[in-house]
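User: Hi, I'm new to reading protein models. Can you walk me through this one?
Analyst: Sure, ask away.

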Amino acid sequence: SPQPHHQNPPEHYPGPLPERAVYGFALHLAAWFGFAAYLVWAVLPEAWLRACGFTYLPERHWAITGPMLIPLAYALYEFSVGFVAWRACRPLESVDHVTDRLCRATSSAPGGSLPIVADIDASDACWAALGCRGSKKSNNSHCNGEKQ
């Protein structure tokens, strides 16, 4: 008995496909056509455009104002993202930058090494990284708070 023919589902990859290439080329042509139409509208006198049959045209000041809105919109977007990020942050004095409610106490690691990978207290990790594990008083200048 013949086996039924099963097609494998198509793979999804970001490489160029013929369908994407056609849409990309159409978008490319539309962008160039739009830019050419903008230049014709911005440069040619209004009397010539009316003679060609274009009767409904925007005001001429939009030839300068419209393109200037693009960098303004970008700057407003960047400012808004920065402001939202700034408002979402805790104050610098907040203990939440160092620890949180999920932080757990860790036992000492063998041989003075860092404890296992976990959500550990930041002060424990700092003391272990600077070679100060076991005793807060050490010969290491980092541990005693001295500047080098």
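Analyst: Let's begin with a definition: a disulfide is a pair of cysteine sulfur atoms within 2.5 Å. One more thing to know is that this is a predicted model.

User: OK, so how many disulfides does that rule give?
Analyst: The count comes to 0 disulfides.

User: What is a disulfide chemically?
Analyst: It is a covalent bond between the sulfur atoms of two cysteines.

User: And is Cys52 buried or exposed?
Analyst: Cys52 is exposed, because its relative accessible area is 60% and the cut-off for exposed is over 50%. Cys89 also counts as exposed, at 53% relative accessibility.

User: New topic. Where does UniProt place the "transmembrane region" feature?
Analyst: The UniProt record, an unreviewed entry, places it at residues 21-44 and 64-86.

User: How much helix is there over residues 21-44?
Analyst: That span is 96% helix and 0% strand. Its end C-alpha atoms are 34 Å apart.

User: And what about residues 64-86?
Analyst: Residues 64-86 are 100% helix and 0% strand. Here the end C-alpha atoms lie 34 Å apart.

User: Let's talk rings. How many aromatic pairs does the structure hold?
Analyst: It holds 4 aromatic pairs. One of them is formed by Trp32 and Phe35, and it is edge-to-face. The centres are 6.2 Å apart, with 80° between the planes.

User: Why does that angle make it edge-to-face?
Analyst: Because planes over 60 degrees apart count as edge-to-face, and this pair has 80° between its planes.

User: Where do Trp32 and Phe35 sit along the chain?
Analyst: Both are in helix H1, which covers residues 18-43. They are 3 residues apart, so about one helical turn separates them. Trp32 is exposed, with a relative accessible area of 53%. Phe35 is partly exposed, at 40%.

User: What about the rings of Phe83 and Trp86?
Analyst: Their centres are 5.8 Å apart and their planes are at 40°, so that pair is tilted. Phe83 and Trp86 both lie in helix H3, 3 residues apart. That is about one turn of the helix.

User: Which residues do ring pairs link into a cluster?
Analyst: Phe79, Phe83 and Trp86.

User: Is Trp86 buried or exposed?
Analyst: Trp86 counts as exposed, because its relative accessibility is 57%. Phe83 is partly exposed, at 40%.

User: What kind of surface patch do these residues help make?
Analyst: A nonpolar one, of about 600 Å². It is made by Leu76, Phe79, Phe83, Val84 and Trp86. Of these, Phe83 is found in helix H3, which runs over residues 62-88.

User: Why can Phe83 be in a patch if it's partly exposed?
Analyst: Because a patch takes residues with over 30% relative accessible area, and Phe83 has 40% relative accessibility.

User: Switching to charges. How many salt bridges does a search of the whole structure find?
Analyst: It finds 1 salt bridge. The side chains of Arg50 and Glu46 meet there, at 2.9 Å from N to O.

User: Why would side chains pair up like that?
Analyst: Side chains of opposite charge can pair when their charged atoms come close.

User: Which helix holds Arg50 and Glu46?
Analyst: Helix H2, residues 46-51. The two are 4 residues apart, about one turn of the helix. Arg50 is partly exposed, with a relative accessible area of 42%. Glu46 counts as partly exposed too, at 37%.

Conventions: Residues numbered from 1 in each chain as written. Predicted model: local features only at pLDDT ≥ 70, side-chain atom pairs only at ≥ 80, totals over all residues. Heavy atoms only, no water. Patch = residues over 30% accessible without salt bridge, like charges linked within 9 Å, V, L, I, M, F, W, Y side chains within 5 Å. Areas by Shrake-Rupley, 256 points an atom, 1.4 Å probe, with all protein chains shown as cover. Salt bridge = Lys/Arg side-chain N within 4 Å of Asp/Glu carboxyl O. Buried < 20%, exposed > 50% of the residue type's maximum accessible area, 1.4 Å probe, protein only. UniProt positions renumbered as here; feature names shortened; annotations may be inferred. Phe/Tyr/Trp six-rings, centres within 6.5 Å; stacked < 30°, edge-to-face > 60°.
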